[in-house]
Amino acid sequence: MTAARAYLDEQRGRGIFPGARYRIARGQEVMEDGWLGAAVVEPEKVPVVEETIYDLASLTKPLVTGALAGLLHARGTISLEAPLRQLLPEISDSWVGETSLMDLLVHRSGLPAWIPIYLSASDRAGYLRTIAGLPREYRTGARVTYSCLGYILVGLALERTGGAPLDELARREIFDPLGLKETRFNPPAPWRRLIAATERGNAREQELAGVAGRSFAGWRSQVVWGECHDLNAWSLGGVSGNAGLFSTAAEVHAMALEFLNLGKGLYDRATVQLLQRDQTPGLNENRSVGWQLALTPGCSAGPEMSPAAIGHTGFTGTSLWIDPAEGWILILLTNRVHPAYRPDDMNAVRRGFHRAALGARDVRGTD
């Protein structure tokens with residue numbers, strides 16, 4: 001048994017997640033490909049297999065939203081530095097309209113991290129009004145506050161610019177050119193038994209919504225299986241700039257190669273540099289368009305990745321880190337919220353996986 005598999009099996013035994021699908025690659029070369037445990041434990045038992053599909057959650061941000069922004073910027077269709085009101089004129093009277101796509105893409109806009117927008121809005125126009133009506137939490141550009149709200153806005157702006165829903169833009173601009181067959185929003189019903197389930201209902205979001213959510217009639221009670229876990233994204237029809245993407249380890253690898261210019265050439269070299277470049281130097285986090293940099297203190301990368309590595313995590317238990325210095329691509333897909341959310345330190349688990357994957361130290365010394 002390899003160090004990486006032994007480590008993940010240990011975490012599964014601790015109850016951190018019911019199962020995992022992982023891939024360790026150096027560029028196109030797959031160094032290790034593995035799967036273990038269960039994709040579903042409730043309402044029935046379904047094992048993880050090579051083709052298991054995961055709800056990637058916030059990996060949607062770099063793999064779709066940030067990527068589309070980079071592609072459209074390269075074509076001159078949008079300017080990342082122009083004020084948002086140029087793309088969404090109905091928010092011209094809000095301070096949010098003065099922020100740029102870049103501010104939103106690197107999480108320095110002034111927006112809060114999260115609110116349950118679905119408590120008061122149920123469509124794209126309502127979401128836009130609600131976010132534009134929020135008070136500024138901090139001065140734009142003063143710090144980084146990771147914000148799902150910002151990426152919801154970027155998704156809406158891309159739809160407006162591209163003249164199509166975000167899932168259609170992603171299919172046309174990313175999935176089809178790369179030949180991806182198991183990557184999409186809103187997977188069809190026949191895929192269900194290949195999809196890893198997530199949380200029973202939305203218990204964690206109900207807790208976060210607090211008193212305001214008690215009268216909300218839209219809480220799900222069943223195990224979320226084959227549907228987007230994030231309720232803001234789910235309320236937008238399962239298609240949003242912040243979450244909603246489903247994929248496999250193999251197809252995440254295919255998307256990751258493009259950020260190293262080792263795939264099918266989806267991005268030109270200047271766009272790859274844009275997507276890798278630190279856009280928030282001197283702030284509390286180091287962020288590029290869509291990604292966090294391993295330079296960020298305490299992030300999920302761990303010391304085994306070079307400071308130039310870019311990565312992202314997903315609340316459901318997913319993560320992807322890409323190291324341009326050495327060509328490493330580390331993919332960990334789990335459904336750690338199934339069947340119920342636990343407040344485990346998942347970033348420590350990710351760092352442990354990276355440590356085991358890259359062989360830097362004995363896995364018995366992990367977090």
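**Chat about cysteines, buried charges and helices**

Biologist: Hi! How many disulfides does a search of the whole structure find?
Modeller: Zero, and bear in mind that this is a predicted model. The search covered the whole structure and came back with zero disulfides.

Biologist: What about Cys148, where is the nearest cysteine sulfur?
Modeller: The nearest one belongs to Cys228 and is 11 Å away, and Cys148 is in no disulfide. A disulfide needs the two sulfur atoms within 2.5 Å.

Biologist: And Cys299, which cysteine has the nearest sulfur there?
Modeller: That is Cys148, with its sulfur 18 Å away, and Cys299 is in no disulfide.

Biologist: Are those two buried or exposed? I mean Cys148 and Cys299.
Modeller: Cys148 is buried, at a relative accessible area of 12%. Cys299 is buried as well, with 8% relative accessibility.

Biologist: Thanks! New topic: where is Lys61?
Modeller: Lys61 belongs to helix α2, which covers residues 60–75.

Biologist: Buried or exposed, that Lys61?
Modeller: Buried, since Lys61 has a relative accessible area of 0%.

Biologist: Which side chain makes a polar contact with the side chain of Lys61?
Modeller: The side chain of Tyr146 does, at 2.9 Å. Beyond four places in sequence, Lys61 also has contacts that include Cys148, Tyr151, Asn242 and His312.

Biologist: Now Arg287, where is its place?
Modeller: Arg287 is in the loop between α10 (269–276) and β7 (292–293). Arg287 is buried too, with a relative accessible area of 5%.

Biologist: What does Arg287 touch, leaving out residues up to four places away?
Modeller: Among them are Val106, His107, Tyr146, Asp278 and His312. There is also a polar contact of 3.0 Å between the side chains of Arg287 and Glu285.

Biologist: So which residues turn up around both?
Modeller: Tyr146 and His312 are in the contacts of Lys61, and Arg287 touches Tyr146 and His312 as well.

Biologist: Nice. On to helices: at what angle do α5 and α6 cross?
Modeller: At roughly 70°, and their axes come within 9 Å. That makes α5 roughly perpendicular to α6. The crossing is left-handed.

Biologist: Which residues make the contact?
Modeller: From α5 they are Gly155, Leu158, Glu159 and Gly162, and from α6 they are Leu166, Leu169 and Arg172.

Biologist: Last one: how many residues of α9 are buried?
Modeller: Eight of the 10 residues in α9 (249–258) are buried, so the helix is mostly covered. Among the buried ones are Glu251, His253 and Glu258, along with Val252, Met255 and Leu257.

Technical notes: Residues are numbered from 1 along each chain as its sequence is written. This is a predicted model: local features need pLDDT of at least 70, side-chain atom pairs count only at pLDDT 80 or more; totals for chains, interfaces and linings use all residues. Side-chain values use heavy atoms; hydrogens and water are left out. Buried means under 20% relative accessible area, exposed over 50%, partly exposed in between (1.4 Å probe, protein chains only). Helices (H or I, at least four residues) and strands (E, at least two) are DSSP runs, numbered from the N terminus. A polar contact is a pair of N or O atoms within 3.5 Å; within protein, one must be able to donate a hydrogen and the other to accept it, and residues adjacent in sequence count only if both atoms are side-chain atoms. Contact means heavy atoms within 4.5 Å. Axes are lines fitted to C-alpha atoms, for helices over the stretch in contact, and angles run from 0 to 180 degrees between N-to-C directions. Angles under 35 degrees count as roughly parallel, over 145 as roughly antiparallel, 65 to 115 as roughly perpendicular and the rest as oblique. A crossing is left-handed if the near helix is turned anticlockwise from the far one by less than a right angle, and right-handed if clockwise.
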